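User: Could you walk me through how to read salt bridges and buried cores in a structure like this one?

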Amino acid sequence: MEPWYESRVRTILLAVRDLSPEAFLVGGAIRDALTGRSYPVDLDLIVKGDGFHVARTLVDRLPHEATFVPLDAERGAGRIVVRRGEAIVDISSLQGDSLAEDLRKRDFTINALAVKLEDLLNSGIERLIDPMDGRLDLQRGKLRACSAQTFDDDPVRMIRAFRFQAELGFEICHTTLEMIRSAAQGVQHAAPERIRDELVGVFRAKQCEYSLRDMDRCGILGSLFPELVAMKGVGQNEYHHLDVWDHSIEAVRQLEILLEDQATTFGDAALTVRAYVDEELVRGRPRSALLKFAALFHDTGKPHCISRDPDGRVRFLGHEKISREIFEQAGRRLKLANREIHVIGEWIGGHMRPMILTGSTVSKRALYRLHRTFGVDVIGLLLLFLADLGASSGPARPENIRAHALAQTNRAMKALIESAQEPQQPLLNGHDIMRMFGLTPGPFLGRVVKRLAELEGSGEVRTREEAVGAVRHYIGTARREQEEHH
């Protein structure tokens, strides 16, 4: 609990105590302190009286220490953000006639914990208030709902249960799972922003595959994403050992293995990969979590485009395009940011492109085209490709294909990193080409510039003289083909 005693945070807590002597710290901060988890300071306080008024009054008294954010005036809830975001303190009015009644209305017993603010300031959390035996559940690694009304009061708590399961590695009690199964349809009516935040929390965990399976068994995933249900039982070709649904869940697991062991898997590129997946496109939503959305949805289009060759082989031609469209609809429902929807859509829509890495040695020109098309997000694309491949172990898949693809992927990663570290101006720009070869602006000029960029990017053209020769050759070839066509 030591971080709470840093000067500005302690000043806030002392001021709350003075304004409301009957104030209590509750919930997650106590849970995390008891389990030894280290997080930025994020405190929930309840007070007897008007929590909204207490929060606003406190900030008025300490204008240089914190800012006030209104949460819910009717329910008496206000937020204090300590300067520079060093801490967030939410203050709410006591719900019910007593502290014990308030705690019983909370989501899970491990959050139904409290300590009086006066005691906290003097001796930490030693004098714990624990009417629901939450501390015992913490010790046993059990997640248990506080009451039979837990999920009726707030359906988003059902997803939160799986977030805690994934984050803490806890077991959800059988009774609580049955309650979720009975109430699963109600999650559809929750605010999409809250659903999104809890789902991202699930995906942020290092291992969420087991939680996704439990969410499916309880009906939560099907309620949120009916598009996923169609994948179940859809068999695939000889390159796969799982149906489309189990393959997608396995792809999430394979992705988590890649993300967990980057140093071994990617060698010199590991630091670049780590920085990439840890970057948050929106605060609190890193690429690592977004990649799991992509893994879960990357084959949702398969049930809609299944076909069979005359020899009986199953095909899913164009499934990546349909999968992208399905995800984008789901992403908009979840209120993901447009940038997030675009990036995940790019991964899903392009996830078949890196299959070239399973073949013979890939040319630098092909790698350059991948980089040019996907930019920095080619790293995410390659991670999704490896996860997809790792989830495919049908009898037609050669045993050494994964090792071969990984070697090719690492080669691609190295080339991309080197290219990014050595940015250079084109040897010839569009104006140079127009002046030297008498071309005019238009689509053909664009194709010439694009072709030259590919040759430069792949290292096949290194000097201005070589660039002039390459352009001359390309233009001459194009003109001869046009004359032959006519």
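Analyst: Sure. This is a predicted model, where local features need pLDDT of at least 70, side-chain atom pairs count only at pLDDT 80 or more, and totals for chains, interfaces and linings use all residues. Residues are numbered from 1 along each chain as its sequence is written, and side-chain values use heavy atoms, with hydrogens and water left out. Let's start with Asp377: its relative accessible area is 14%, which makes it buried (under 20%; exposed is over 50%, partly exposed in between, with a 1.4 Å probe and protein chains only).

User: Which residue does Asp377 meet in a salt bridge?

Analyst: Side chains of opposite charge can pair when their charged atoms come close. Here the partner is Arg287, at 3.2 Å from N to O (the rule: a side-chain nitrogen of Lys or Arg within 4 Å of a carboxyl oxygen of Asp or Glu). Arg287 is buried too, at 3% relative accessibility.

User: How many salt bridges are there by this rule?

Analyst: The count is 37. One of them joins Arg160 to Glu198, with the closest N and O atoms 3.0 Å apart. Both Arg160 and Glu198 are buried, and they belong to a salt-bridge network with Asp107, Arg163 and Glu167.

User: And the cores: which residues have the most contacts inside the largest one?

Analyst: A nonpolar core is a set of buried Ala, Val, Leu, Ile, Met, Phe, Trp, Tyr and Cys residues joined through side-chain atoms within 4.5 Å. The largest has 128 residues, and Ile220, Phe293, Phe297 and Trp347 have the most contacts inside it. A second, separate core has 12 residues, among them Leu428 and Phe437.
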